[in-house]
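Hi,

Here is the structure I promised to pass on. Have a look at it first, and my notes come after it.

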Amino acid sequence: MSIISIYHPSGIVNGTVHLPASKSIANRLLLMRAVAGFNDLEIHNLSNARDTVILDGILSDLSKNNIADVHDAGTVMRFLTAYLSCREGEWILTGGERMQQRPIGALVAVLRELGADIAYEINEGYPPLKIKGKKLKGGKVEIDGSVSSQFLSALLMIAPFYSQALEIHIKNRLVSVPYVEMTLKLMEQWGAAFEWKENTIRVENKPYTRPTENVFVESDWSAASYFYSILALAKEGEITLPHLFKNSLQGDSVCEEIFEQLGVATKFEGQGVVLQKMPVKANKFNYDFIKSPDIAQTLAVCCAAKGMEANLTGLQTLSIKETDRITALKEELNKFGLNVCANVDSISFLPTTLVSRISHLATYNDHRMAMSFAPLALLGEIKIEDPSVVEKSFPHFWKELKNLCFQVT
């Protein structure tokens with residue numbers, strides 16, 4: 001296993017960081033383009049994240065290959081489960097070892113109610129799947145909103161091509177609401193008609209219309225969070241992040257609000273933002289991440305490094321990600337002498353001065369573990385296992401750190 005060493009000699013961080021495009025937006029646009037049959041529609045600034053490359057490749061290859069391997073891309077597994085259910089043909093949808101441990105039964109159950117023909121190849125409720133695609137009927141269904149918002153987004157994006165309108169009742173508290181809002185706003189831009197009242201979303205069976213303007217994918221706010229954390233821990237500096245928009249579709253744009261408490265100001269200039277150091281406004285951190293779970297790891301590590309008391313809640317979806325992120329966070333933060341209290345949906349800890357003398361950090365095959373802990377190099381040299389995991393969402397992450405004068409060897 002490869003290991004990298006990271007260190008920043010001065011603690012002063014200045015420069016421009018070129019973030020990857022949002023894979024959340026890119027993956028939705030790719031799926032919608034396939035559903036609509038707009039095969040020649042160009043999507044500008046498409047993400048080079050591995051998840052997006054995998055989805056784009058599979059969609060391009062379906063005409064000659066009926067076996068789709070998503071590897072470790074959970075979003076791709078969920079979106080393709082829905083899409084292949086309504087695309088004529090017989091398909092095998094599979095993934096890597098961890099993917100075959102991630103539940104998909106709740107999505108499959110709803111798709112079957114809508115008329116889908118899906119069978120489990122090995123274990124009930126888990127990939128791989130055997131799918132016989134056909135026209136789905138639509139109608140009224142119910143889904144548990146507390147499991148994964150991606151299940152709901154998958155159902156919504158294929159809804160314009162059901163034989164009748166889709167009406168979904170969401171039971172329990174919906175997690176990651178901004179991602180569902182993103183899905184619906186993108187669909188609306190392509191002519192879809194929907195209504196969201198309380199716990200019910202209705203989408204008319206009205207086909208997408210071809211966009212008349214260029215389709216451009218903005219930069220990824222989840223990726224931006226790591227550089228907010230870097231500036232929060234730096235002695236001084238300023239970081240420019242191009243192609244981030246004030247009125248973003250991405251829920252993780254809440255970084256602007258959250259990191260103001262931790263000493264980072266966000267200034268929108270032209271087609272991007274400038275991050276600047278400012279006084280820390282809070283001495284303890286409490287936040288419910290139910291709407292933005294992908295930046296929870298970043299904030300946990302940043303608060304720990306700043307010696308703050310922290311209580312992070314709304315983390316119930318983290319255990320079914322690339323790894324059990326709650327357990328992984330606890331294990332790795334413990335290496336720094338932090339006493340972390342964790343349960344199924346929260347993490348908390350008291351102020352502690354972190355010990356920087358450690359061997360190396362494990363990444364658990366999780367890109368966000370590697371990138372969330374990288375800012376700790378501002379406190380002293382750290383070593384990170386399996387650095388290539390960042391390719392899942394931010395392939396040039398280590399290069400961008402070098403551009404900010406981090407020593408990465």
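Below is what turned up, starting with the cavities and moving on to two strand pairs.

Bear in mind that this is a predicted model: local features need pLDDT of at least 70, side-chain atom pairs count only at pLDDT 80 or more, and totals for chains, interfaces and linings use all residues. Residues are numbered from 1 along each chain as its sequence is written, and side-chain values use heavy atoms, with hydrogens and water left out.

There are 3 cavities of 30 Å³ or more (sets of points on a 1 Å grid over the protein atoms alone where a 1.4 Å probe fits but cannot get out). The largest holds about 330 Å³, a volume being the space filled by probe spheres set on the points. Its lining (residues with an atom within 4 Å of a point) has 27 residues, with Thr75, Arg78, Gln150, Asp294 and Lys321 nearest the centre. Helix 5 (149-157) is one of the helices that supply at least two lining residues each (helices are DSSP H or I runs of at least four residues, strands E runs of at least two).

Helix 5 also sits in a right-handed β-α-β unit with strands 8 and 9 (clockwise from first strand over helix to second, strands pointing away from the viewer). Strands 8 (139-144) and 9 (166-171) pair in parallel over 6 bridges (pairing takes at least two DSSP bridges), and Ile143 stands opposite Ile170.

Strand 16, helix 9 (296-305) and strand 17 make another right-handed unit. Here the strands pair in parallel over 5 bridges, with Lys284 partnered by Glu309.

Cheers

Methods
1 Å grid on protein atoms, 1.4 Å probe; cavity = no way out; pocket = protein on both sides within 12 Å on 5 of 7 lines; lining within 4 Å.
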